Amino acid sequence: KASDHAAPATYAESFFAAGGIEVKTLSSVDDFKPSISPVACICSSDDLYASEGAATAEALKEAGAKHILVVGRPGDLRKELKSAGVEGFIHQGCDRVEPLREAQDYLGFGRR
């Protein structure tokens, strides 16, 4: 449901805007196109991460995502999500610089 995604999607939009990265919100993995962006960010609730997070990450990898992030603290799901292809987690209090640099590199921004 939309309420599971609204707050994390808003957080991701603000997070990436700080790095000059425009976010395009998709309603499903089927809408992901690596030609538009090689970076994907999964935005949902903890309950959905537990039940669908790994499958979503695997589907994004199969669809061509080169760099997958998740909004939120992974807790006990870290190993499972990482095994499924998630490379990082963004959340309040995380290091903002490195995830933004990595995303910029995948997007071809290059470092100065």
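Leaving aside its neighbours within four places in sequence, with which residues is Thr 56 in contact? In this predicted model, Thr 56 has its place in helix H2, and beyond its sequence neighbours within four places it is in contact with Val 29 and Ile 42. Thr 56 can also be set against Val 86, from which it is separated by 30 residues in sequence but by 9.8 Å in space, taken from C-alpha to C-alpha. The surroundings of helix H2 are described below, beginning with the sheet.

The sheet is open and consists of 3 strands in the order S1-S2-S3, with parallel pairing. Its edges are formed by strand S1 (39-42) and strand S3 (86-90), each of which pairs on one side only. On average, and with direction ignored, neighbouring strands of this sheet are turned by 30 degrees against each other. Helix H2, which spans residues 46-63, packs on the sheet and touches S1, S2 and S3, and its direction makes about 170 degrees with that of S1.

The pairing of S1 with strand S2 (residues 67-71) is parallel and extends over 4 bridges. Within this pairing, Val 39 has His 67 in S2 as its bridge partner, Ala 40 stands opposite Ile 68, and Cys 41 stands opposite Leu 69. From S1 the chain passes through H2 to S2, and the β-α-β crossover made in this way is right-handed.

On its other pairing, S2 is joined to S3, again in the parallel sense and over 4 bridges, with Phe 89 in S3 serving as the bridge partner of Val 70. The connection from S2 to S3 runs through helix H3 (residues 78-83), and this β-α-β crossover is likewise right-handed.

Burial was then considered strand by strand. In S2, 5 of the 5 residues are buried, so this strand is largely enclosed by the rest of the structure. In a regular strand the side chains alternate between the two faces of the sheet. In S2 both faces are covered, since His 67, Leu 69 and Val 71 on one side are buried, as are Ile 68 and Val 70 on the other. For S3, 4 of the 5 residues are buried, so this strand too is largely enclosed by the rest of the structure.

A further link between helix H2 and the sheet is provided by side chains of opposite charge. The structure holds 1 salt bridge, which Lys 61 forms with Glu 87, the closest N and O atoms being 4.0 Å apart. Because Lys 61 lies in helix H2 and Glu 87 in strand S3, the pair ties together parts that are 26 residues apart in sequence. Both partners are partly exposed, Lys 61 with a relative accessible area of 35% and Glu 87 with one of 32%.

Helix H4 (residues 97-107) was examined for the placement of its buried residues, which include Pro 99, Leu 100, Ala 103 and Gln 104. When the helix is viewed down its axis, the buried residues of H4 fall within an arc of 135 degrees, so they line one face of the helix. An α-helix has 3.6 residues a turn, so residues three or four places apart point the same way. Just after H4, Gly 108 takes a positive phi of about 85 degrees.

Taken together, the model shows an open, parallel sheet of 3 strands, with helix H2 packed on it and touching each of S1, S2 and S3, and with a salt bridge between Lys 61 and Glu 87 that ties this helix to strand S3.

How values were computed. Residues are numbered from 1 along each chain as its sequence is written. This is a predicted model: local features need pLDDT of at least 70, side-chain atom pairs count only at pLDDT 80 or more; totals for chains, interfaces and linings use all residues. Side-chain values use heavy atoms; hydrogens and water are left out. Two strands pair if DSSP finds at least two bridges between them. Helices (H or I, at least four residues) and strands (E, at least two) are DSSP runs, numbered from the N terminus. Axes are lines fitted to C-alpha atoms, for helices over the stretch in contact, and angles run from 0 to 180 degrees between N-to-C directions. Contact means heavy atoms within 4.5 Å. Buried means under 20% relative accessible area, exposed over 50%, partly exposed in between (1.4 Å probe, protein chains only). The arc is that of the directions from the helix axis to the C-beta atoms. A crossover is right-handed if, with the strands pointing away from the viewer, the path from the first strand over the helix to the second runs clockwise.
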